[in-house]
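Work through the exercises below with the structure in view. Try each task before you read its solution.

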Amino acid sequence: MAFPLPRGITPPEISFLAEMEMVTILPRQRLEGLELLGGPVEPLIPPRRASVPLWLALLLKRQRRANILPPSWLHPESLSFILDIETQYEEYKETFSPPPPLPGQPFLHDRGERAVATPRFTPDGDKYYPAPPFLPQNVARDHVPAQELQTLPFHWLEVGNMLLEAASEDLVDPDQTRRLLKELREVRMAKIRSGVDALDAAAMGGGGVALTGVGAIELGEGRRFISGVIDGLRRIGASREQARREELAEEMANGGYDATQDDDDEMEF
Amino acid sequence: MSYYDIDAILTDAQKLPCTFELDVPGLGILEGNPGENIKAGTRIDLPLWLGEMLSIGARLGTSRLVTLDLPYALSDRVLNALKADPRTVDLRSLAPHFYSLSERVLELFEEEEMVDVLSNTFKKRAAQIADHAHNPQGALGQGADFLRGLDETERQLFRATHDSAKETRVWAGESKKK
């Protein structure tokens, strides 16, 4: 109550976090390698491509020292493809287009396949599996699996907006891209809003809200609404929940419900 | 619910119809005629906190002082209207803290059906609130009638949703910061 700021993090904070994403640049000038807290940056030697954090890429872009290669999902073609999926297909009526798979994990579509995660190694030789936000989801690659073109990374809106703002001449069709991003956002926002029906189950326990594939900004925008609705429903249903608990406790006390529990008690003596 | 929560305090002050079971000497001031006695069977609207305390005797085994009744805001008529169409009911004129009041009342009464009706109402209206909150004109455009009928819980939800939508728009550069 006393803390003046509302719950959750604000959009500027989210986009600040998004600046940690790695993007691919095409340097125009030489730059020696940098030792940063977030990891070393390789030396920039034109015309060799390099992966740098987004904030550094934007800085170099503003100083006209580099060009940014847009990630493959930020192409008007793949964006309009995703928009089609979100709007046309019946099965995506209430869900969002899937996030990119974790490295080595099978796609959401083919659940049957086994995961073959490939570990990476730290300089000390320890094994680790990279997870968002430390995945190269926004770097330009030569070969992108066709399935991955249909996915939006976690920070899609932030990265897209920042690139449109600072590096629009590096993008394929900036106006079209801007329009598509906006449309996508509206379609997905409407889905979040219409998901209130599912929130009831979440408030009563046992249910959940599927937010797979929702981006960071969208979560930030919807957070206060979603948590507000769940809290309201929880408070209305509190008396029923209480009654249910008492019933359960009574059944437990009568002993007919859980015989194994009694055995455990005897073991302790 | 915190001790200093102003909404909880205001909820406590809402009236609940009570029927006195006993004669109480000298309490006529509640009825509007000071100095008189209150007779058994008198119906008076008492604040929630007082009615709750007076009716609690039944649980302690002594004879109780008053019996509680459902307030008008949660009467059958209102619930039927909510069942028919949750969106057209003006909750604020029924009770400014409608949901907090019903939460407290549900603790006192066993009303299985009321929980269903109220959850359904809240859900339907929340969807409507979200639509209005994303309207850049805010509470001034059409739908002002609906927004005037929101109770305090819903108003807070509206405000939170509107603020986060606005912050995102400002961040995206679609609207100016005021």
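**Exercise 1: the chain contact**

The contact between the chains takes 26 residues from chain A and 27 residues from chain B; two residues are in contact if their C-beta atoms, placed from the backbone, lie within 7 Å. This is a predicted model: local features need pLDDT of at least 70, side-chain atom pairs count only at pLDDT 80 or more, and totals for chains, interfaces and linings use all residues. Residues are numbered from 1 along each chain as its sequence is written, while chains are lettered from A and ligands numbered from 1 in the order in which they are written.

Task: find which element gives the most to the side of chain A that touches chain B.

Solution. Start with the elements that give two or more residues: H1 (11-18), H5 (174-194), H6 (196-204), H7 (216-236) and H8 (238-254) of chain A. Helices are DSSP runs (H or I, at least four residues), numbered from the N terminus. H7(A) gives the most, with ten residues.

**Exercise 2: one helix**

Task: compare the expected span of H5(A) with the distance between its end C-alpha atoms.

Solution. Take 1.5 Å times one less than the number of residues. The 21 residues of H5(A) should span 30 Å, and the end C-alpha atoms are 30 Å apart, which agrees.

Task: which residues of H5(A) are buried?

Solution. Buried means 20 or more other C-beta atoms within 10 Å of the residue's own; exposed means 12 or fewer. The buried residues are A:Thr177, A:Leu180, A:Leu181, A:Leu184, A:Arg185 and A:Arg188. They cover an arc of only 135 degrees around the axis, so they sit on the same side of H5(A). The arc is that of the directions from the helix axis to the C-beta atoms. On the other side of H5(A), A:Asp175 and A:Glu186 are exposed.
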